[in-house]
Each structure stands twice: as structure tokens, then as C-alpha cells.
Amino acid sequence: MNNLLASVSAGVIAIFSAQAVFAADLPGKFEGVTIDAKLIGGQQYEPLYERIGEWEKLTGAKVNILSKKNHFELDKEIKSDIASGSLNWCVGSNHSSFAPQYPGIYTDLNKLIPAEEIAAFVPSNIKSSTLDGKLVMLPRAQFDVSALYYQKSLYEDEGNKKAFKEKYGYDLTPPDTWQQVADQALFFTKAPDFYGTQFAGKEEAINGRFYEMVIAEGGEYIDAEGKPAFNSEAGIKALDWFVNLYKAKAVPAGTTNYLWDDLGQGFASGSIAINLDWPGWASFFNDPKSSKVAGNVGVKVAPAGSSGKRTGWSGHHGFSVTESCANKEAAASLVWWLTNEDSQKLEAKAGPLPTRTAVWAWDIEQAKGDPYKTEVLNAFQEEAKNAFPVPPLAEWIEISNAVYPELQAAILGDKTSKEALDTAAKKATEILQDAGKL
């Protein structure tokens, strides 16, 4: 990850430029070919797909989008396709958290994409896209790690400053710890019209947030022996953070049913003070056409837990080609097109972090003279230093699906945090035992 943050050397840029001649053979010609695709849908992912029409004109091929869903629903659909033997489509959205579940269904892109093109990506992203030696997906400009968005005016208000200092004994500034987030969330909340913060409360979304909070509290999700270890003192502290804010009504009542689009729309509505979220929302939040907080958005590195470690759950999106695809060359061309330099620049303009080395240099250059864009890049580059992926388990999503209902039970007050985590750890242990991992 440090390589990602380093300044791009002139030599690397020169090498990338020299690859243009080799890459000129792409996207190729595929007259009469139709590529069936299953893609992730959502506010921050959609603009890229407008480039598909251009690829069709250049190649003579057509793209038939069979479904467009969030990754949780897409994952269920892919598993259903595998179970029913109907994996007859070619291109699918993928993610570093989901990919380890089914590496066998995707072909090795090393055999279909020029080596020079693969070398143009950030090495750490290619490494985490490679399973058992197979490059199972090509990363798009959606490197994900979360930073803290907040409404600046709340911190500039003299009345807020005075009242907060009197109540909590320290100055009101954008929070640097999760305890400060909790304090400020309680302080800012004026339910039901305005809330201090929010969180995605179901599926891998809440499990991932819980996972990074466990790390920030100094704990482990999976220990060195490969055993679930989150039902610990650190785990209880982490879960209690969510439980206490929900109990205090400092988050919207529906937060246990929220996923990422709900959070983005919520902060943009102007009804949330502090929001931990992904880089893909940066432009949306600061656009007056889509956001009531445009011009009032601050961005900073994610807060730290009691251990001093910052949260930093990370991953990246990409596109894969199935082994069952009848025309892998055309499918690989489409995957390349959706992740090439122009595509990554298109996505990076809106805030998402690129996964091509040269586009990082371009992105930094573009931010000059734009204070908000510079603030965004600085925050996410700093946060990327704290980034860590999910445990490298094929069972991660299966474990998430077993754990998140227990987290919800604690948040809703149906169980204590300890009861919920003990049950969740037992379920996770059984999954790993069934997989032969324990």
C-alpha cells in the first residue's frame, strides 16, 4: 500500500507510455459477438458503464447486461448460478472481499491481457486480485478504504463550540478517535430530523465495520491459529460502540437495514453530521445537483480506536471473465476497456481512487487548484496507510452472513454484546471446521 502512496517516478510513467504501442491492438474486433454481463449497480459505479457503447462501436460486439445489483445481491445470484449449473455469462463485477469464494469459475486474465497492461496497475492491487497464481479480476478505479466526511459548519459554529466544551470538557474539532465520534454524534443529534452519524447495518457491510473496529480496539477477528477471536474484550468494546449509539437514538432508526447507497444519500440529504464512507462519494457529496451539503463538506483520515490504531477495512472492485465464456478474448477486451486509463480517469474524477499507477499521478496533478479535491486526496492517501484487507479466507462472506444477524441482535437490544459475539464466534468456527480449516 505504501507503493500506492509513493510519488510516481518519471521512469514508471515513461514505461507506461511505451506500452501504448503494444496496447494499440486492444480493444480488437469481434463482429457479431454478444457478451452477457452481470455488473454491480449503484450511484458511484454507474457512470463508467456509459463507455460500453463506445467499446461496442469499436469492436463490433454487443454487451447484454443481465443484471445490475449491489454486490451482496450479485453474490447471491452468482452462487445460485453455480448451484443450478447456469453459469453461462461472460463478464462479472468482482471484489477482493468476494473473489476468494469461487476462484475456479473465473479464467486467468494473465493469458488474455498483455503483460505490459497488467504491469501498469498498482502491484498491490494486482497481487490481491491474484488467487492461486491466477489473475481472476482486473481492478477498476474503485480502491476502497473509508475516510470521515463531516459538515464543516457544525464545527465553525461558536454556539456549538461553547456548548460542546462545557459538556465534554474538550474542544469541538473534527473527531480523531471513535470515542470523539460517539460524543459528537450524541451532541449533534436532534432526532428525528438530524442525526450525529449513521452506519450500514446489515450483510458484510456491518460485519466489515465491526471487523475494523475490533482491529482499532486492539483485537483480532481471526487469530494466528485461524480461529475466530472477535468474542473478546476488544470485540465487545467494538460492538458496544454501535449498540450504544443506536440505543441513544444518535443514528437513524432504520440504520440496521442500511447499505452503502443509503448512507451516501443520507449524508447528501444534509441530515447527518459525521459519515464514515468510501471515496466514490466525494464528488457526489460536493455537487449541488445531488447534495444539500455541497460546499460544506470536510474530509479527514478515519478515527482511531482505544488501541491507537485507525480503522482501515479496505478492498477493491474489478471485473472478471468466466471460464465458461464462449469468447474469452472479447470478454477480456471489455474488461480491459472498463479498467483502462481513460476509464480510470473517468471514475477518478468523481472521487474514487485509481488502481493504475499513471492515473494516480494524473489524479494528483488534476487536484491542483481545487481545494476540495486536494483535501479528499490527502485524506484518502493518509487513510490508505492504515488500510488492511479482510482475512484471506474463502469463507469470509459465508462467515459475514452468519455473523451479521448476531451483530444486529445486539444493536437492536435482543442480546447482550457478549451473547451475540459468543454465538457468532461459534457459527464462524463451525463454518471453518466444515471447510477443513480447523
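Buried means under 20% relative accessible area, exposed means over 50%, and partly exposed covers what lies in between. Keep those cut-offs at hand for the exercises below, which work through a predicted model.

**Exercise 1. Place serine 80: in which helix is it, and is it buried, exposed or partly exposed?**

Step 1. Find the element: serine 80 sits in helix 4, which covers residues 71-84.

Step 2. Take the relative accessible area of serine 80, which is 42%. Because this value falls between 20% and 50%, serine 80 is partly exposed.

Step 3. For a sense of distance, pick isoleucine 215 as a second point. Serine 80 and isoleucine 215 are 135 residues apart in sequence, and their C-alpha atoms are 33 Å apart in space.

**Exercise 2. Work out which parts of the chain the disulfide ties together.**

Step 1. Count first: there is one disulfide. As a reminder, a disulfide is a covalent bond between the sulfur atoms of two cysteines.

Step 2. Name the partners. Cysteine 90 and cysteine 325 are joined, with 2.1 Å between their sulfur atoms.

Step 3. Locate each partner. Cysteine 90 is in the loop between helix 4 (71-84) and strand 3 (91-95), while cysteine 325 is in the loop between strand 10 (314-321) and helix 14 (328-339), so the link ties together parts that are 235 residues apart in sequence.

Step 4. Add the geometry and the surroundings. The angle about the S-S bond is 90°, and the link is right-handed. Both cysteine 90 and cysteine 325 are buried.

**Exercise 3. Compare three salt bridges: how far apart are the N and O atoms, and how accessible are the partners?**

Step 1. Start with the total: the whole structure holds 27 salt bridges. Three of them follow.

Step 2. Take lysine 69 and glutamate 77, whose closest N and O atoms are 2.4 Å apart. Lysine 69 has 33% relative accessibility and is partly exposed, whereas glutamate 77, at 16%, is buried.

Step 3. Move on to glutamate 395 and lysine 437, which meet at 2.8 Å, N to O. Glutamate 395 lies in the loop between helix 17 (371-384) and helix 18 (396-411), and lysine 437 in the segment after helix 19 (417-434), so this pair ties together parts that are 42 residues apart in sequence. Glutamate 395 is buried at 9% relative accessibility, and lysine 437 is partly exposed at 42%.

Step 4. Finish with aspartate 422 and lysine 418, whose closest N and O atoms are 2.8 Å apart. These two are four residues apart in helix 19, so about one helical turn separates them. Aspartate 422 is partly exposed at 31% relative accessibility, and lysine 418 is partly exposed at 48%.

Step 5. Look for shared partners. Lys38, Lys69, Glu77 and Asp81 are joined into one network by salt bridges that share partners.

**Exercise 4. Describe how helix 11 packs against helix 19 and helix 18.**

Step 1. Begin with helix 19. Helix 11 (residues 233-247) packs against helix 19 at an angle of about 120°, and their axes are 9 Å apart. That makes helix 11 oblique to helix 19, and the crossing is right-handed.

Step 2. List the residues that meet. Helix 11 contributes Gly235, Ile236, Leu239, Asp240 and Val243, and helix 19 contributes Ser417, Lys418, Ala420 and Leu421.

Step 3. Turn to helix 18. The axes of helix 11 and helix 18 come within 8 Å and cross at roughly 45°, which means that helix 11 is oblique to helix 18. Here the contact is made by Leu239, Phe242, Val243 and Tyr246 of helix 11 with Leu407, Ala410 and Ile411 of helix 18.

**Exercise 5. Find what lysine 427 touches beyond its neighbours within four places in sequence.**

Step 1. Locate lysine 427: the residue is in helix 19. Its relative accessibility of 30% makes lysine 427 partly exposed.

Step 2. Leave aside the neighbours within four places in sequence; lysine 427 is then in contact with Ala402 and Glu406.

Step 3. Check a backbone distance as well. Lysine 427 and valine 403 are 24 residues apart along the chain, and 7.4 Å separates their C-alpha atoms.

Notes
Residues numbered from 1 in each chain as written. Predicted model: local features only at pLDDT ≥ 70, side-chain atom pairs only at ≥ 80, totals over all residues. Heavy atoms only, no water. Salt bridge = Lys/Arg side-chain N within 4 Å of Asp/Glu carboxyl O. Buried < 20%, exposed > 50% of the residue type's maximum accessible area, 1.4 Å probe, protein only. Disulfide = S-S within 2.5 Å. Axes fitted to C-alpha atoms, helices over the stretch in contact; angles between N-to-C directions. Parallel < 35°, antiparallel > 145°, perpendicular 65-115°, else oblique. Left-handed = near helix turned anticlockwise from the far one by under 90°. Contact = heavy atoms within 4.5 Å.
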